[in-house]
Amino acid sequence: ENETDYTLKGKDFQVRFDKTNGALISYLSNGTEQIKSPLLPHFSRPLTDNDQRGWRPHEILKEWYHPELQLQNVTVESHGRGIVGVTSRYSLLDGRAEVQVDYLVNGNGVIRLDYSFHPETVLPNLPKIGMQCGILREYDQVTWYGRGPSENYLDRRNGSYVGIYTLPLE
């Protein structure tokens, strides 16, 4: 621990968590950085063609598109057997919603992440709940199991077959 972050080290890896935003800010694997921007809770999604033509969720649900994430606290706790837990708690939308992110880092570099979200019931619908960070540009291929290979929606899914697909990021 130092003034700005918590650092956890193991065989062939090192991770750092920022004390000011509670985020995973660095993951060194065999000396190579894997993260280019912090891993933080995120609530919006890219606009689809349908969104741009009519629904406009970025306007209707605008408070979710750039909410101010306020870190409440970050705690670090040893769980024994080379496992360390890091918990980051946030509030957003003037305290009307809370997020808790629990990281369990084990001695071989595997990180388990649990995410809890607790909103008030009067908030507008959410476009998305998740996490977002930047990664190395070399990771330019995406592989998934599902319908593909092109984008598809409920009304076009019969033209897309379930399988394993790989495409480059654009």
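In this predicted model, Ser88 has Val101 of strand 8 as its bridge partner. This contact belongs to the pairing of strand 7 with strand 8 (residues 97–105), which is antiparallel and extends over nine bridges. Arg89 stands opposite Gln100, likewise a residue of strand 8.

**The sheet and its pairings**

The open sheet containing these strands has four members in the order 6-7-8-9, with antiparallel pairing. Its edges are occupied by strand 6 and strand 9 (111–119); each has a single partner strand, so one side of each lacks a neighbour in the sheet. On average, neighbouring strands of this sheet are turned by 15 degrees against each other, direction ignored.

Strand 6 (residues 70–80) runs antiparallel to strand 7 and is joined to it by nine bridges. Within that pairing, Gln70 is matched with Ser91 of strand 7. Strand 8 and strand 9 are also antiparallel, and nine bridges join them. Two bridge partners in strand 9 can be named here: Tyr115 for Val101 and Leu113 for Tyr103. Val101 is thus bridged to Ser88 on one hand and to Tyr115 on the other.

**Hairpin connections**

The connections between these strands are hairpins, listed below with a residue of positive phi for each.

| Hairpin | Residues between the strands | Residue with positive phi | Phi |
|---|---|---|---|
| Strand 6 and strand 7 | two residues | Arg81 | about 55 degrees |
| Strand 7 and strand 8 | four residues | Leu93 | about 55 degrees |
| Strand 8 and strand 9 | five residues | Gly109 | near 95 degrees |

**Burial along strands 7 and 8**

Why is strand 7 (residues 83–92) described as largely enclosed by the rest of the structure? Eight of its 10 residues are buried, and the strand is therefore largely enclosed. With buried defined as under 20% relative accessible area, strand 8 shows an alternating arrangement of side chains. Ala97, Val99, Val101, Tyr103 and Val105 point to one face and are buried. Glu98, Gln100, Asp102 and Leu104 point to the other face and are not buried. Gln100, the residue opposite Arg89, therefore lies on the face of strand 8 whose listed side chains are not buried.

**The nonpolar core**

The largest nonpolar core comprises 25 residues, and Val15, Phe17 and Trp64 have the most contacts inside it. At least two residues of this core are supplied by each of strand 1 (5–10), strand 2 (13–18), strand 3 (24–29), strand 5 (35–42), strand 7 and strand 8. Which strand provides the largest share of this core? Strand 8 does, with five residues.

**A nonpolar patch on the surface**

Nonpolar side chains also occur on the surface, where Tyr145, Val162 and Ile164 form a patch. Together these three residues have about 380 Å² of accessible area. Val162 lies in strand 12 (residues 161–168). The relative accessible area of Val162 is 47%, and the residue is accordingly classed as partly exposed, a class that falls between the limits of under 20% for buried and over 50% for exposed.

Conventions: Residues are numbered from 1 along each chain as its sequence is written. This is a predicted model: local features need pLDDT of at least 70, side-chain atom pairs count only at pLDDT 80 or more; totals for chains, interfaces and linings use all residues. Side-chain values use heavy atoms; hydrogens and water are left out. Patches are made of residues with over 30% relative accessible area and no salt bridge: like charges are joined within 9 Å, nonpolar side chains (Val, Leu, Ile, Met, Phe, Trp, Tyr) within 5 Å. Accessible areas come from the Shrake-Rupley method with a 1.4 Å probe; for residues, only the protein chains shown count as cover. A salt bridge is a side-chain nitrogen of Lys or Arg within 4 Å of a carboxyl oxygen of Asp or Glu. Buried means under 20% relative accessible area, exposed over 50%, partly exposed in between (1.4 Å probe, protein chains only). Two strands pair if DSSP finds at least two bridges between them. Axes are lines fitted to C-alpha atoms, for helices over the stretch in contact, and angles run from 0 to 180 degrees between N-to-C directions. A nonpolar core is a set of buried Ala, Val, Leu, Ile, Met, Phe, Trp, Tyr and Cys residues joined through side-chain atoms within 4.5 Å.
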